[in-house]
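Please open the model in a viewer and keep the sequence panel visible. The tour below proceeds by selection, with a short account of what each selection contains.

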Amino acid sequence: MSRQIKTILILIFSIAVFIAVPACFAQYDNFRLIEPRKGDEPQPRAILWSHDKSVALVHYRDEHIIAINDVRLDKEWRIKELKRESIVFGRTSEKRYIEYYIDPTKRPQKSYGTWSFYGLPITLWEMIQLLTDGFGYNAVMHNLCTGAVVPKHNGSNFKELLYNMLPQYTSARLDGDTVYVFPTNPPNEKWVDVLNRKRKFNHKALSIRFPGLANKGIITSVGYDIQYILRVISLGGEVPISFPKDLHFAVYANFKKVPFSKILCDIVYTNQC
């Protein structure tokens with residue numbers, strides 16, 4: 001009799017597990033866990049995560065995309081949810097969701113904090129862009145700042161994450177709503193002097209002579225040539241801008257709804273023009 005009871009209990013337990021496990025994934029239709037990714041599939045690189053807002057860096061078809069929840073990459077792929085260590089993608093052709101985990105080189109050094117920045121090695125500018133998009137700041141970086149960082153930190157605020165992750169050869173300052181990133185020893189002057197020189201010039205003075213520069217615009221540059229950026233500002237600000245033909249340097253800037261006069265001044269002064 002006892003053997004029959006044990007058999008019945010084992011059978012009931014097996015049925016319960018069989019029912020419960022699929023129920024855990026009921027929120028995702030045809031859910032499947034991590035699988036080896038193909039070359040044409042999105043590649044999660046880094047995730048800046050909190051309970052209220054998250055952003056992620058995704059490499060897809062030779063593009064580096066800053067993504068948020070419920071954003072569509074193209075007709076085939078859509079981001080359903082950003083988690084602390086993974087991204088849930090929706091694939092249209094297969095009508096299912098796929099969760100891809102990031103396999104980092106290092107784990108976060110601290111276990112506390114409301115924010116988690118976690119991922120594979122990324123460029124310094126990608127790190128700055130993720131942080132500023134996540135916390136709602138603008139950013140501009142000197143063209144001589146290069147290198148890679150490994151996101152592996154938890155923190156409670158923007159400054160804690162930024163200063164813990166900056167390489168030793170790089171300095172940064174949050175001034176108002178904009179982050180300025182410099183090499184610690186820029187050519188011919190100290191980075192603090194570059195920033196102070198920028199502060200002394202009132203960008204609003206340009207708008208008095210050229211009212212179009214008061215228009216607010218969006219510029220995201222991941223190393224585009226300065227001549228291209230000046231043409232964009234010229235079109236948005238409705239003002240002619242002349243520059244030497246031999247003027248060339250990479251521009252790293254991330255501005256959202258900012259007057260073109262400020263965008264122009266911040267880029268020019270930060271790059272010591």
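Begin with Asp62, which is found in the loop between strand 2 (55-60) and strand 3. The model is a predicted one, and in it the phi of Asp62 is near 65°, a positive value in a residue other than glycine. Is Asp62 buried or exposed? Its relative accessibility is 83%, so Asp62 counts as exposed.

Now add Arg61 to the selection. Strand 2 and strand 3 form a hairpin with 2 residues between them, and Arg61 in that turn has a positive phi of about 55°. The two strands pair in the antiparallel sense over 5 bridges. To follow the pairing, display Ala56 together with Ala67 in strand 3, as these residues stand opposite each other.

**Strand 2 and its other partner**

Select the whole of strand 2. All of its residues, 6 of the 6, are buried, so the strand is largely enclosed by the rest of the structure. Which residues lie on each side of strand 2? Val55, Leu57 and His59 are on one side, while Ala56, Val58 and Tyr60 are on the other; all are buried, and both faces are thus covered.

Extend the selection to strand 1 (residues 43-49), which runs antiparallel to strand 2 and is joined to it by 5 bridges. A hairpin of 5 residues connects strand 1 to strand 2. Within this pair, Pro44 has Val58 in strand 2 as its bridge partner; Val58 is also one of the buried residues listed above.

**The four-stranded sheet**

Next, select strands 4 to 7. They make up an open sheet of 4 strands in the order 4-5-6-7, with antiparallel pairing. The edge strands are strand 4 (71-72) and strand 7 (96-101), each of which pairs on one side only.

Restrict the view to strand 6 (residues 86-91) and strand 7. These run antiparallel and are joined by 6 bridges. Gly90 has Tyr97 in strand 7 as its bridge partner. In the loop between strand 6 and strand 7, select Lys95. Its phi is positive, about 55°, although Lys95 is not a glycine. The relative accessible area of Lys95 is 64%, which is over the 50% cut-off, so the residue is exposed.

**The largest pocket**

Turn now to the largest pocket, whose volume is about 220 Å³. Which residues lie nearest the centre of the largest pocket? They are Thr123, Trp125, Glu126, Val222 and Tyr252, out of 14 residues that line the pocket. Two elements each give two or more residues to this lining, namely strand 3 (63-67) and helix 2 (124-135). Helix 2 gives the most, with 4 residues. Colouring the lining by class shows 8 nonpolar, 5 polar and 1 charged residues.

**A hairpin further along the chain**

Select strand 13 (residues 170-175) and strand 14 (residues 178-183). The two run antiparallel, joined by 6 bridges. Ala172 stands opposite Val181 in strand 14. The hairpin has 2 residues between the strands, and Gly176 takes a positive phi near 70° there.

**Cys265 in helix 7**

Proceed to Cys265, placed in helix 7 (residues 260-270). The relative accessible area of Cys265 is 7%, under the 20% cut-off, so this residue is buried. Which residues does Cys265 touch, not counting those up to four places away in sequence? They are Lys198, Phe201, His203, Leu206 and Thr270. For a distance check, select Arg199 as well: Cys265 and Arg199 are 66 residues apart in sequence and 9.9 Å apart in space, C-alpha to C-alpha.

**The whole chain**

Finally, clear the selection and view the chain in full. Its secondary structure comes to 7 helices and 16 strands. Of the 273 residues in the chain, 45% are buried. Among contacts between residues at least 6 apart in sequence, 59% join residues at least 24 apart. The accessible surface comes to about 15200 Å², of which 56% belongs to carbon and sulfur atoms.

Key:
Residues numbered from 1 in each chain as written. Predicted model: local features only at pLDDT ≥ 70, side-chain atom pairs only at ≥ 80, totals over all residues. Heavy atoms only, no water. Pairing = 2+ DSSP bridges. 1 Å grid on protein atoms, 1.4 Å probe; cavity = no way out; pocket = protein on both sides within 12 Å on 5 of 7 lines; lining within 4 Å. Points joined across faces, edges and corners; volume = space filled by probe spheres on them. Nonpolar A, V, L, I, M, F, W, Y, C, P; charged D, E, K, R; others polar. Buried < 20%, exposed > 50% of the residue type's maximum accessible area, 1.4 Å probe, protein only. Contact = heavy atoms within 4.5 Å. Areas by Shrake-Rupley, 256 points an atom, 1.4 Å probe, with all protein chains shown as cover.
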